[in-house]
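Q: I'm new to this structure. Please give me a close look at the charged side chains, and then show me what lies around them.

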Amino acid sequence: MKNWNEAELAAEKKKLRAQMRLARKEMTESERKSKSSQILHTLIHIPFFRDAEEIWCYVSLPDEVETDGIIRFCLEHGKRVAVPKVEDVTDEFGKTDSVLRFYRIRSLDDLAEGTFHVREPVNCEPASDPDAVMILPGLAFSFEGMRMGYGRSYYDRYLLREPHPTAALAFDYSVFPDIPHEKRDVGMEYVITETRVLYCR
């Protein structure tokens, strides 16, 4: 990894995020659906995923690798499924912060639009299982499994508190030999695209 100072690192991350958002906009809906289907087909045949009893999966936005099919597959095959929700919490000193929490769902009908227009669980029970495989989104990834998210560090902060087996879903164009990252960024065990599986640990 190149040694950037703090200002250079922030600038490089901003530049790459803009590049990835533009690439997403240029992808057609049919391309995205086709590649998402290929990623699902690959994911369900990986023992890491196939043997997991519980899957914690992000709920996709329109320009991300689609996850409705993954969630349906898990529910239809008897896996427990939890999805994330952003919630505000206040600590003992009165400081409020937004954090990620996971809730078990029984169908996609348990979701309603919430924070940042992401569909979130409504009236669902909290999930707790350190062995649950977490499926993450992201804007860019490295061959070594480093992940660049949207800049709010929800997943990184969660995984630093509560480690989980991890797999990230990505389109090929968003995977690079290296990406700008820092020590607090949490690496993935797997990065899965429409053409390959990167085992990073």
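A: Let's settle one term before anything else: a residue is buried under 20% relative accessible area, exposed over 50%, and partly exposed in between (1.4 Å probe, protein chains only). This is a predicted model, in which local features need pLDDT of at least 70 and side-chain atom pairs count only at pLDDT 80 or more, while totals for chains, interfaces and linings use all residues. Residues are numbered from 1 along each chain as its sequence is written, and side-chain values use heavy atoms, with hydrogens and water left out.

Now for the charged pairs. Side chains of opposite charge can pair when their charged atoms come close. Here, a salt bridge is a side-chain nitrogen of Lys or Arg within 4 Å of a carboxyl oxygen of Asp or Glu, and the structure holds 16 of them.

Take the pair made by the side chains of aspartate 63 and arginine 24, with N to O at 3.6 Å. Arginine 24 sits in helix α1 and aspartate 63 in the loop between β1 (54-57) and α4, so this bridge ties together parts that are 39 residues apart in sequence. (Helices and strands are DSSP runs numbered from the N terminus: H or I of at least four residues for a helix, E of at least two for a strand.)

Are the two partners buried or exposed? Arginine 24 counts as buried because its relative accessibility is 8%, whereas aspartate 63, at 31%, is partly exposed. Helix α1, the home of arginine 24, covers residues 6-26.

Arginine 24 has other company too. Its side chain makes a polar contact with the side chain of tyrosine 150 at 2.8 Å. (That term means a pair of N or O atoms within 3.5 Å; within protein, one must be able to donate a hydrogen and the other to accept it, and residues adjacent in sequence count only if both atoms are side-chain atoms.) Setting aside neighbours within four places in sequence, arginine 24 is in contact, meaning heavy atoms within 4.5 Å, with Asp63, Glu64, Gly138, Leu139, Tyr150 and Tyr173.

Next comes arginine 80, which forms a salt bridge with aspartate 129, their closest N and O atoms being 3.4 Å apart. This pair also links distant parts of the chain: arginine 80 is in strand β2, and aspartate 129, 49 residues away, is in the loop between β5 (119-121) and β6. Arginine 80 is partly exposed at 34% relative accessibility, while aspartate 129 is buried at 15%. Both belong to one network, in which salt bridges that share partners join Glu54, Arg80, Arg104, Glu125 and Asp129.

One more pair: the side chains of glutamate 182 and arginine 184 meet in a salt bridge with an N to O distance of 3.6 Å. Glutamate 182 is partly exposed, since its relative accessibility is 27%.

What about the nonpolar side of things? A nonpolar core is a set of buried Ala, Val, Leu, Ile, Met, Phe, Trp, Tyr and Cys residues joined through side-chain atoms within 4.5 Å. The largest one has 53 residues, and the members touching the most others are Phe49, Phe102, Ile135 and Leu169. A second, separate core of seven residues includes Leu16, Leu139, Ala140 and Met148. You've already met Leu139 as a contact of arginine 24.

Leu169 leads us to strand β9 (residues 166-169), where Thr166 and Ala168 point one way, Ala167 and Leu169 the other, and all are buried. Two strands pair if DSSP finds at least two bridges between them. Strand β9 runs parallel to β6 (residues 133-136), joined by three bridges, and leucine 136 stands opposite alanine 168. Three bridges also join β9 to β11 (residues 190-192), again parallel, with leucine 169 opposite isoleucine 192.

Strand β9 also helps cover the buried residues of helix α5, along with elements including β1, β2 and β6. Those buried residues, within α5 (residues 154-161), are Tyr154, Tyr155, Asp156, Tyr158 and Leu159.

Finally, step back to the whole chain. It has five helices and 12 strands, and 49% of its 201 residues count as buried. Among contacts between residues at least 6 apart in sequence, 66% join residues at least 24 apart.
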